Each structure stands twice: as C-alpha cells, then as structure tokens.
Amino acid sequence: MANWRTYFPIIRDRARPPEFNSLFLFVTSRCNSLCRTCFYFDKLNSKDDLTFDQIRRLSETAPPFRKLWISGGEPFLRPELAQILTMFVRNNGVCNINLPTNGLLPEKMFRALDAVLDACPDAAIDLNFSLDGLANTHDAIRGVPNNFVRTLETMRQAEQRYTGVKRLRRNVLTVITRENYHEIVKLGLHLLSDTNIDGQYFETVRGEAPDKTLKRMSEPDLKDLHRRLMPFHRAYAKKLFGHLPAGVRHVAEMYYLGNLRLHFDLHERCFEQPRKWPMACTAGQTTIVIDHNGKFRSCEMRPIIGDLARFDYDVRAALQSDTMRQEIDAIPRDNCWCTHSCFIQDSSKFSPRVQLFEIPWAWLRQRMDRLQSAPIEELERYKALELA
Ligand code: SF4
Ligand code: SF4
C-alpha cells in the first residue's frame with residue numbers, strides 16, 4: 001500500500017529551490033523541412049554549426065543538470081547525434097532527453113536511438129513526432145509533399161521496434177494554428193484509435209513565424225479547442241500510469257493532468273497579450289539556450305545575449321557572467337510572459353505555489369470541463385473511445 005514514504009520523494013521533487021536544470025541545444029541548423037511555423041527559419045541550413053569538439057567542451061564545462069532539450073534544424077541530420085546525447089548523460093547526469101523530429105529520416109533516427117538506448121541505460125527519451133494536421137494541412141504547413149504519410153510510416157516502424165521499451169516515450173507534438181485549428185480533434189481521434197503513441201501534446205504557434213497569418217486565432221477559440229483536447233490527455237494518462245499502484249497512480253495522474261491544464265490556461269492567457277504567470281520565469285537561472293553556432297540566450301523567445309566562443313565554450317562561465325545576470329534581472333521588468341511550454345514547465349518546477357496549489361486546482365477544474373461546444377459526431381467518437 002502507498003504511504004508517506006511513497007509520496008515524499010514526489011512532493012520533495014516538486015518543491016525544490018531553483019538550480020540549473022535544463023540545457024536547450026540547437027544541435028544543427030540543417031533541416032529538410034520548410035515549415036511556415038518555424039521561428040528559427042532564418043538560421044536554418046547555415047554553415048556554422050558547432051563542431052563536435054566545441055560541443056564536447058560545452059558538456060565538460062556545464063554544471064550537472066537533468067533535462068536536455070534538443071532542437072534544430074532536424075536533430076537526426078547531425079551525424080554525431082548519438083555521441084553528443086551520450087556525452088551529456090555521462091558528463092552531466094542528464095536523466096531525460098527531449099528529441100523533436102519531423103519523422104522523415106527513419107534509418108538515421110533508429111541508428112541514433114538504438115545507440116543511445118544501449119549506451120545510456122538510466123536515461124529516458126521523449127521522442128516527439130511533429131504532426132500539424134491531417135495529411136493535406138500537415139503537408140501544406142510543413143512544405144514537404146507526402147510528409148504526413150511518411151511520418152506516420154516512421155511512427156509505425158518505431159512502434160514495432162520499441163514497443164515495451166518504457167524509457168522511450170513516443171509522442172506527437174502538434175502546433176495549433178489558424179490553418180489546422182478545425183481538424184486537430186480529428187487528428188487526435190485518428191492517433192488515439194490507430195496508433196500506439198504515449199501522448200499527444202499541443203503548442204500554440206509562437207515567435208516570429210514566416211507566415212504570420214497562422215497566428216490569427218482568438219483566445220475564446222483556443223479555450224474551446226483546449227477543452228475538447230483534455231479528453232485526449234486523460235486517455236493517455238490512463239495508459240501512462242496504469243501500471244502503478246492505486247495511490248501513486250492517482251497522484252501521478254493528478255499532477256500530469258493538472259500540469260497540462262495549467263499549460264493550456266497559460267497558453268490562452270498569453271496568446272493575445274503577455275499576462276503574468278503564477279510563478280516567476282526562471283529562464284537564465286535554471287536554463288540556457290545554445291544556438292547551433294554557440295550564440296546563447298536565456299530562452300528561445302528572447303534575443304541572443306552572448307557568444308560561447310568568447311567564453312572558450314565554458315557554459316558555467318556563461319551562466320555566471322554579468323551578461324546573464326543582467327538578462328535575469330531584465331526578464332521580470334520586460335513583461336514578456338509567453339506560451340512556451342518548455343519554459344512554463346521548467347519555471348513551474350521551482351514554484352511551491354504552482355506545485356502545491358495551482359496544479360491540484362487545475363486538475364480539479366479540468367474534471368469539471370464540459371464538452372457542450374463539441375459537434376455531435378465528435379461527442380459520439382469521444383464516447384466510443386470512452387473519452388467523454
Ligand atoms: S520547425 Fe523544425 S522541422 Fe520545421 S523547418 Fe523549423 S527546424 Fe525544420
Ligand atoms: S516569459 Fe517566456 S519569453 Fe519571457 S523570459 Fe520567460 S520563457 Fe522567455
């Protein structure tokens with residue numbers, strides 16, 4: 001039976017003082033997609049990627065941290081990706097790696113994943129396939145013919161290869177835009193009934209996207225869509241935590257669902273204008289973002305503040321620099337509250353108020369969400385899949 005000994009490590013982990021926790025590494029600028037949502041589009045396919053030796057120096061000088069967020073470019077276009085990930089696990093104690101992919105390079109992907117799973121038996125990987133709508137919409141947004149079909153095929157192969165490998169969570173990440181807004185529920189229903197993924201997560205389009213019209217949605221529209229997406233999170237939560245003993249399962253589900261509902265709340269609040277989060281943003285204190293060429297910043301949405309080349313690629317020195325201290329001081333002054341889930345997640349981990357009050361409260365509210373606004377046929381599908 002679960003008792004306080006079971007819960008204590010969970011609670012302790014959820015109310016700890018701010019410390020360096022996450023490194024965001026744009027591991028390459030190379031990309032084989034042409035997404036109209038891409039905030040990094042003006043830096044793609046440049047010829048100034050960090051060398052392997054420079055990245056090794058980053059790893060050797062960074063303090064220990066838990067979470068490595070890989071970005072790019074398409075990460076699997078970096079030939080030494082497996083060695084880079086393994087190095088951060090071994091040198092820095094990374095226990096979770098977040099890997100986004102467009103799913104267009106299955107051979108490279110499987111080779112790298114097999115190597116990392118083999119070399120790092122204690123590290124967990126979140127592999128996030130990008131799917132931004134049903135076939136025509138997805139292909140039109142990402143500028144690659146047959147992208148949807150090819151990504152689904154890669155997901156099918158990944159399912160065959162890795163089913164039962166608990167350390168590798170196969171997820172889908174969907175960016176909500178004006179163009180796909182109306183079919184995201186259909187995409188969710190399709191993935192839930194026809195694939196065996198571990199979760200589907202939703203971001204609102206952010207930053208300076210090449211196609212600004214994709215941002216034309218309203219806060220009420222987003223709110224309505226989010227209420228219709230919560231049932232998917234509930235379904236995946238059952239699957240994710242189904243193996244746990246009852247008491248621990250309830251706590252895990254509560255934090256998972258409360259956390260996701262809180263993310264939705266903040267996406268809605270900050271979509272049209274910046275509005276204060278219930279916690280301080282810890283960008284720059286608990287995180288550093290390193291671009292493909294060694295330029296660095298506190299978060300992906302704020303400007304570059306320095307170049308690691310000037311610090312001899314010493315991450316600790318960059319974190320402790322006057323420039324970073326000034327940036328940390330500037331963040332609360334600049335009123336730049338955003339919808340970026342990675343930073344909402346990282347910042348909320350260090351807020352006892354969020355962990356002990358906001359998340360449980362958000363969990364309660366999502367239990368009261370109703371689906372009245374959903375079309376009848378959608379409600380029927382929800383019922384058939386036991387989501388409603
Ligand atoms: S969003 Fe990702 S996959 Fe798409 S163009 Fe940008 S880096 Fe490439
Ligand atoms: S609120 Fe958003 S934009 Fe502002 S510093 Fe934090 S992560 Fe960056």
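## Starting at D211

With 16 C-beta neighbours inside 10 Å, D211 counts as partly exposed, because that label covers counts between the buried mark of 20 or more and the exposed mark of 12 or fewer. You'll find D211 in the loop between strand 6 and helix 8. Now look for D126, which is 85 residues away from D211 along the chain. The C-alpha atoms of D211 and D126 are separated by 28 Å. Keep in mind while you look around that this is a predicted model.

## The whole chain

Time to zoom out. The protein chain has 14 helices and nine strands. Its radius of gyration is 20 Å, and the globule rule gives 21 Å for 388 residues, so the chain is as compact as a globular protein of that length. Taken along the principal axes, the C-alpha atoms fill a box of roughly 60 × 50 × 45 Å.

How much of the chain is buried? Buried residues make up 42% of the 388 residues. As for contacts with a separation of 6 or more, 81% of them are between residues 24 or more positions apart.

## Q200 in strand 6

Q200 sits in strand 6, which covers residues 199-204. Is Q200 buried or exposed? It counts as buried, with 23 C-beta neighbours inside 10 Å, because 20 or more is enough for that label.

Which residues does Q200 touch, leaving aside those up to four places away in sequence? The list is N171, V172, T174, G188, L191, F232 and Y236. R170 is another residue to find: it is 30 residues from Q200 along the chain, and their C-alpha atoms are separated by 9.1 Å.

## Backbone oddities

Here is some background for this part. Most residues other than glycine have a negative phi, and most peptide bonds are trans.

Now for the exceptions. Y313 is not a glycine, yet it has a positive phi of about 60°. It lies in the loop between strand 9 (306-307) and helix 10 (315-319). Y313 is buried, with 24 other C-beta atoms within 10 Å. N335 isn't a glycine either, and its phi is positive too, at about 50°. You'll find N335 in the loop between helix 11 (322-334) and helix 12. N335 is exposed, with 10 other C-beta atoms within 10 Å, because 12 or fewer earns that label.

There is also a cis peptide bond, and it joins G72 and G73, with omega at about 20°. G73 belongs to the loop between strand 2 (67-71) and helix 3 (81-92).

## Around the two ligands

G72 and G73 turn up again in the shell around ligand 1. The other residues there are C31, S33, C35, C38, Y40, E74 and N102. Sorted by class, this shell has four nonpolar, four polar and one charged residues.

What surrounds ligand 2? Its shell is made of C281, A283, S298, C299, M301, R302, I331, C336, W337, C338, H340 and F343. By class, that comes to nine nonpolar, two polar and one charged.

## S348 and helix 13

S348 is in helix 12. It is buried, with 23 other C-beta atoms within 10 Å. Not counting residues up to four places away in sequence, S348 touches M279 and V354. S348 and I359 are 11 residues apart in sequence, and their C-alpha atoms are 9.4 Å apart in space.

V354 and I359 are both among the buried residues of helix 13, along with Q355, E358, A362 and Q366. Why might buried residues in a helix be spaced out along the sequence? An α-helix has 3.6 residues a turn, so residues three or four places apart point the same way. The buried residues of helix 13 pack against helix 8 (219-241), helix 9 (246-271) and helix 12 (341-348).

How far apart are the end C-alpha atoms of helix 13? Helix 13 has 17 residues (352-368), so at 1.5 Å a residue it should span 24 Å, and its end C-alpha atoms are indeed 24 Å apart. Helix 13 also bends, by about 35°, at E358. A proline, P360, follows within four residues of that bend.

Definitions and conventions. Residues are numbered from 1 along each chain as its sequence is written. Chains are lettered from A and ligands numbered from 1 in the order in which they are written. This is a predicted model: local features need pLDDT of at least 70, side-chain atom pairs count only at pLDDT 80 or more; totals for chains, interfaces and linings use all residues. Helices (H or I, at least four residues) and strands (E, at least two) are DSSP runs, numbered from the N terminus. The expected span of a helix is 1.5 Å times one less than its number of residues. The bend at a residue is the angle between axes fitted to the seven residues ending there and the seven starting there. Two residues are in contact if their C-beta atoms, placed from the backbone, lie within 7 Å. A residue is near a molecule or strand if its C-beta atom, placed from the backbone, lies within 6 Å of it. Ala, Val, Leu, Ile, Met, Phe, Trp, Tyr, Cys and Pro count as nonpolar, Asp, Glu, Lys and Arg as charged, and the others, Gly among them, as polar. The radius of gyration is taken over C-alpha atoms; the globule rule is 2.2 Å times the number of residues to the power 0.38.
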